[in-house]
Amino acid sequence: NVQLYGGFAGTETTLTARDLSITTNTSILSGDIGTLNDISDNTYHVVISSGGLGSALLNGFKVTAGNASGSSSIQVNNSIIYISSGGGIYNNNSSPSLTNVTITRNTASNGGGIYNWSSSPSLTNVAITGNTAASFGGGIINQFNSSPSLTNVAITGNTAASFGGGIINQFNSSPSLTNVAITENTASNGGGIYNNTSSPSFTDVAITDNTANNDGGGIYNYDNSSPSFTNVAITGNTAVYNGGGIYNWSSSPSFTNVAITENTASGGDGGGIYNYDNSSPSLTNTTVVGAIYN
């Protein structure tokens, strides 16, 4: 039930008097605890949330400069925390509320910005920008039944070397995203989003200008992933090989009132959608401009 609020000038007498638009009042939680601007001596995680929290929340903070680059683990509340994951925020069997939070310039092997393990936090008015993963999930990784809710969230300019530049959902993780922008993220596969055995829902979401150095510029759905997309724009995404907009492998997503336009598979097939290995997406009132490869 610990509730942390930042963003004050110091003269307020009530929480409602706080003005988060004044950037000079930004409260910063930083992992840059050693030599300034040298990430090699930064803390592995900036925020750890482990176990049951009650009504715990983080409101009005910038979380930055975590560097989860280790190879072992620690224990927090009798739970294992891998120091290779979750540079900005690491949630383990824990679901805090994150509101008015910016998570930026964090690095990790997995989950540069946020790492959720069997956790379903609530994110409202959150920006996840400029984070990096050496493997999976530049912005966010959700795995092992992690189904957070994201409302009014921007996932922008994140990078993963392997899968899910913006966000990766795997192993029965099905987050709910409403009014979310996933843009200008980069990965080898799934520049914007990578779903592995997971079926998240997307409503009023823009998935734009993401890049995959292999397949699935905007979205990569793999191994019986069946996400749903409603009132979504998937546009301006690029794959170096296949599936500029969407790459489906043994997956059957559903699309309702969706625009899939201006996507490019520059060196392969399926500028709009690439379907492989018995993938059968459902398209309802959906516009696809660009090749569909089956």
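This note goes through the structure point by point, from its cores to its loops and surface.

1. The coordinates discussed here are those of a predicted model, and every value below should be read as computed from that model.

2. The largest nonpolar core has 33 residues, and within it I128, I182, I207 and I234 are the ones with the most contacts. At least two residues of this core come from each of the strands β4 (57-64), β9 (97-104), β12, β15 (149-156), β18 (176-183), β21 (201-208), β24 (228-235) and β27 (254-261). Another core, of nine residues, lies apart from this one, and its members include I141, Y194, Y247 and Y274.

3. I182 may serve as an example of a residue in the largest core, being one of those with the most contacts inside it. Once its neighbours within four places in sequence are left aside, I182 is in contact with I155, I167, L177, G192, I193, F202, V205, A206, I207, T208 and N210; among these partners is I207, which is itself listed with I182 for its contacts inside the core.

4. V153 belongs to strand β15, one of the strands that supply at least two residues of the largest core. Because its relative accessibility is 3%, under the 20% cut-off, V153 counts as buried. Not counting residues up to four places away in sequence, V153 touches L123, V126, I128, N179, V180 and A181. For a sense of distance along the strands, the C-alpha atoms of V153 and V258 are separated by 19 Å, with these positions 105 residues apart along the chain.

5. Polar residues are buried as well, and N131 deserves attention here: it sits in the loop between β12 (122-129) and β13 (132-136), yet it counts as buried, with a relative accessibility of 0%. A polar atom of the N131 side chain lies 3.2 Å from the backbone oxygen of T129. Leaving aside neighbours within four places in sequence, the contacts of N131 are I103, T104, R105, N106, G112, G113, G138, G157, N158 and T159.

6. T104, which appears among the contacts of N131, is placed in strand β9 and is likewise buried, at 10% relative accessibility. The side chain of T104 has a polar atom 3.0 Å from the backbone oxygen of T129, and that backbone oxygen also lies 3.2 Å from a polar side-chain atom of N131. Beyond its neighbours within four places in sequence, T104 is in contact with K62, V63, T64, A65, T129 and N131. The C-alpha atoms of T104 and T159, 55 residues apart along the chain, are 12 Å from one another.

7. Q170 and F171 are best read as a pair. Q170 is in strand β17 (residues 167-170) and is buried, with 6% relative accessibility; it touches F136, I141, N142, Q143, F144, N196 and S198, not counting residues up to four places away in sequence. One of these partners, I141, is a member of the nine-residue core. F171, by contrast, is found in the loop between β17 and β18 and counts as partly exposed, at 32% relative accessibility.

8. Two backbone angles merit a check by eye. Most residues other than glycine have a negative phi. F171 has a positive phi, near 65°, and D223 also has a positive value, near 60°. D223 lies in the loop between β23 (219-222) and β24, where it is partly exposed, with a relative accessible area of 32%.

9. S199 lies in the loop between β20 (193-196) and β21 and is partly exposed, at 33% relative accessibility. Its side chain reaches the backbone nitrogen of S226 at 3.0 Å, and S226 also figures in its list of contacts, which comprises S173, S174, S225, S226 and P227 once neighbours within four places in sequence are set aside. The C-alpha atoms of S199 and N221, which are 22 residues apart along the chain, are separated by 9.0 Å.

10. On the surface, Y5, F8 and L15 form a nonpolar patch whose accessible area together is about 240 Å². F8 is in the loop between β1 (3-5) and β2 (27-30) and is partly exposed, with a relative accessible area of 32%; F8 can therefore belong to such a patch, since residues of a patch need over 30% relative accessible area.

Note on methods:
Residues are numbered from 1 along each chain as its sequence is written. This is a predicted model: local features need pLDDT of at least 70, side-chain atom pairs count only at pLDDT 80 or more; totals for chains, interfaces and linings use all residues. Side-chain values use heavy atoms; hydrogens and water are left out. Patches are made of residues with over 30% relative accessible area and no salt bridge: like charges are joined within 9 Å, nonpolar side chains (Val, Leu, Ile, Met, Phe, Trp, Tyr) within 5 Å. Accessible areas come from the Shrake-Rupley method with a 1.4 Å probe; for residues, only the protein chains shown count as cover. A salt bridge is a side-chain nitrogen of Lys or Arg within 4 Å of a carboxyl oxygen of Asp or Glu. Helices (H or I, at least four residues) and strands (E, at least two) are DSSP runs, numbered from the N terminus. Buried means under 20% relative accessible area, exposed over 50%, partly exposed in between (1.4 Å probe, protein chains only). Contact means heavy atoms within 4.5 Å. A polar contact is a pair of N or O atoms within 3.5 Å; within protein, one must be able to donate a hydrogen and the other to accept it, and residues adjacent in sequence count only if both atoms are side-chain atoms. A nonpolar core is a set of buried Ala, Val, Leu, Ile, Met, Phe, Trp, Tyr and Cys residues joined through side-chain atoms within 4.5 Å.
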